[in-house]
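Let's walk through this model together, one helix pair at a time. Keep the viewer open as you read.

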Amino acid sequence: MAWSRYQLGLAALMLLTGSINTLAAKWADNFSAPGCDGKEEHKFQHPFLQAAGMFLGEFSCLPVFYLLRLRDRRRAHRDRDQDRDQDRDRDPAPAPAPSRPFNALLFLPPALCDMAGTSIMYVALNMTSASSFQMLRGSLIIFTGLLSVAFLGRRLEWSHWAGILLTILGLALVGLADLRGNPGGTGHGLADVITGDLLILLAQAIVSIQMVLEEKFIFSHDVHPLRAVGTEGLFGFSILALLLVPLSFIPAGRLSGNPRGVLEDPADAWCQIRREPLILAALLGNIGSISFFNFAGISVTRELSATTRTVLDSLRTLLVWALSLALRWERFHALQIPGFALLLAGAALYNGLHRALRGARNTGNAGSDPQEREALLGGDGDGGNIQG
């Protein structure tokens with residue numbers, strides 16, 4: 001079935017904003033500007049401040065949710081009034097079902113996981129390339145699959161295990177590319193690149209815990225995805241904004257990129273932004289892109305399929321890689337090609353793309369099965385995090 005213009009627009013919006021999210025964060029990291037002392041220039045390395053900005057972008061999904069709900073209610077009332085005017089003898093249309101009540105604190109544990117995982121990923125992005133950052137995030141399916149077996153009692157099919165195996169092989173090749181070529185171009189040594197790659201893997205393990213918590217405690221309440229993302233963004237932004245104060249006094253050693261050597265220095269970040277306004281543009285690009293990316297991703301899952309969303313997310317990795325090479329933010333390494341191919345094949349198998357293709361041959365209407373549309377809502381890596 002051919003896509004409509006609206007569906008094509010959603011797919012393009014998801015691909016574009018998802019790529020902008022990672023590239024804008026890396027663009028900000030690449031800037032150098034003097035700090036508050038006004039003397040020595042240094043890199044803009046403020047991962048916790050960037051993470052707070054990302055949660056602010058997620059929080060913006062919450063007012064969008066309430067606006068959409070208000071629109072639906074007004075439309076339902078208008079339809080009922082029209083029915084009443086056309087036929088007063090006919091019973092009015094039923095009112096829309098109220099949303100199921102739930103405790104907003106259910107979002108707190110996954111929000112804490114999201115906050116920890118996102119902050120660690122922004123630290124790692126300072127140490128490795130944008131393409132390696134994006135590719136290594138594919139390890140999420142390994143941790144999610146294993147945790148779903150252990151804590152959700154789920155049985156994985158052969159395609160899940162095959163996808164996990166291919167993902168492990170792909171991660172090994174991407175890591176080997178970093179070891180042999182250090183393609184990051186980040187100004188850090190090999191030890192920093194390895195540390196960054198390991199931090200990304202650690203972050204994905206934490207994000208997988210978030211996703212299991214969401215599936216076990218939140219999705220059973222039938223919470224709208226925009227509401228879930230926005231509420232987690234509210235918790236994450238509020239907590240991380242408060243934590244910026246103590247983080248500015250905790251020594252970080254080699255993990256710190258600011259002159260004071262602490263985990264975060266908001267004052268130094270503000271001084272660098274004042275002296276280099278393009279940093280603010282990069283930060284706003286990061287904040288705005290994550291909100292549009294979440295909206296587009298949820299809409300793609302509903303309008304097309306969860307498998308389509310997985311394919312688009314893989315294309316986003318390819319686009320980030322291509323643009324990073326074009327901008328000369330990193331050097332090309334041949335091992336990244338088979339590594340990315342294995343990661344793509346692993347994600348496709350794990351997320352059931354082979355079933356969708358088989359269904360397309362049989363029915364000529366791939367992705368139209370409602371079960372296939374919803375199958376991955378609990379297992380999509382970017383629903384609440386960056387996701388970027």
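What follows looks at helix packing and then at the nonpolar cores.

This is a predicted model, in which local features need pLDDT of at least 70 and side-chain atom pairs count only at pLDDT 80 or more, while totals for chains, interfaces and linings use all residues. Residues are numbered from 1 along each chain as its sequence is written, and side-chain values use heavy atoms, with hydrogens and water left out.

Start with helix H1 (residues 5-30) and helix H11 (residues 278-303), whose axes come within 7 Å and cross at roughly 150°. Helices here are DSSP runs (H or I, at least four residues), numbered from the N terminus; axes are lines fitted to C-alpha atoms over the stretch in contact, with angles from 0 to 180 degrees between N-to-C directions. The crossing of H1 and H11 is left-handed, meaning that the near helix is turned anticlockwise from the far one by less than a right angle, whereas clockwise would be right-handed. Their contact divides into 19 nonpolar, 9 polar and 1 charged residues. For these classes, Ala, Val, Leu, Ile, Met, Phe, Trp, Tyr, Cys and Pro are nonpolar, Asp, Glu, Lys and Arg are charged, and the others, Gly among them, are polar.

Within H11 you will find Ile-290. Ile-290 is buried, with a relative accessible area of 0% (buried means under 20%, with a 1.4 Å probe and protein chains only). The C-alpha atoms of Ile-290 and Asn-21 are separated by 6.1 Å, although the two residues are 269 apart along the chain.

Next, turn to H4 and helix H9 (residues 225-247), which pack at about 60° with axes 9 Å apart. H4 and H9 are therefore oblique to each other (angles under 35 degrees count as roughly parallel, over 145 as roughly antiparallel, 65 to 115 as roughly perpendicular and the rest as oblique). Their crossing is right-handed. By class, this contact has 9 nonpolar, 2 polar and 2 charged residues.

Now for the interior. The largest nonpolar core has 47 residues, and those with the most contacts inside it include Met-14, Leu-240 and Val-300. Such a core is a set of buried Ala, Val, Leu, Ile, Met, Phe, Trp, Tyr and Cys residues joined through side-chain atoms within 4.5 Å. Helix H4 (residues 108-125) supplies the largest share of this core, 8 residues. Apart from this core lies another, of 8 residues, among them Ala-28, Phe-31, Phe-44 and Ala-269.

Conventions
Buried means under 20% relative accessible area, exposed over 50%, partly exposed in between (1.4 Å probe, protein chains only). Helices (H or I, at least four residues) and strands (E, at least two) are DSSP runs, numbered from the N terminus.
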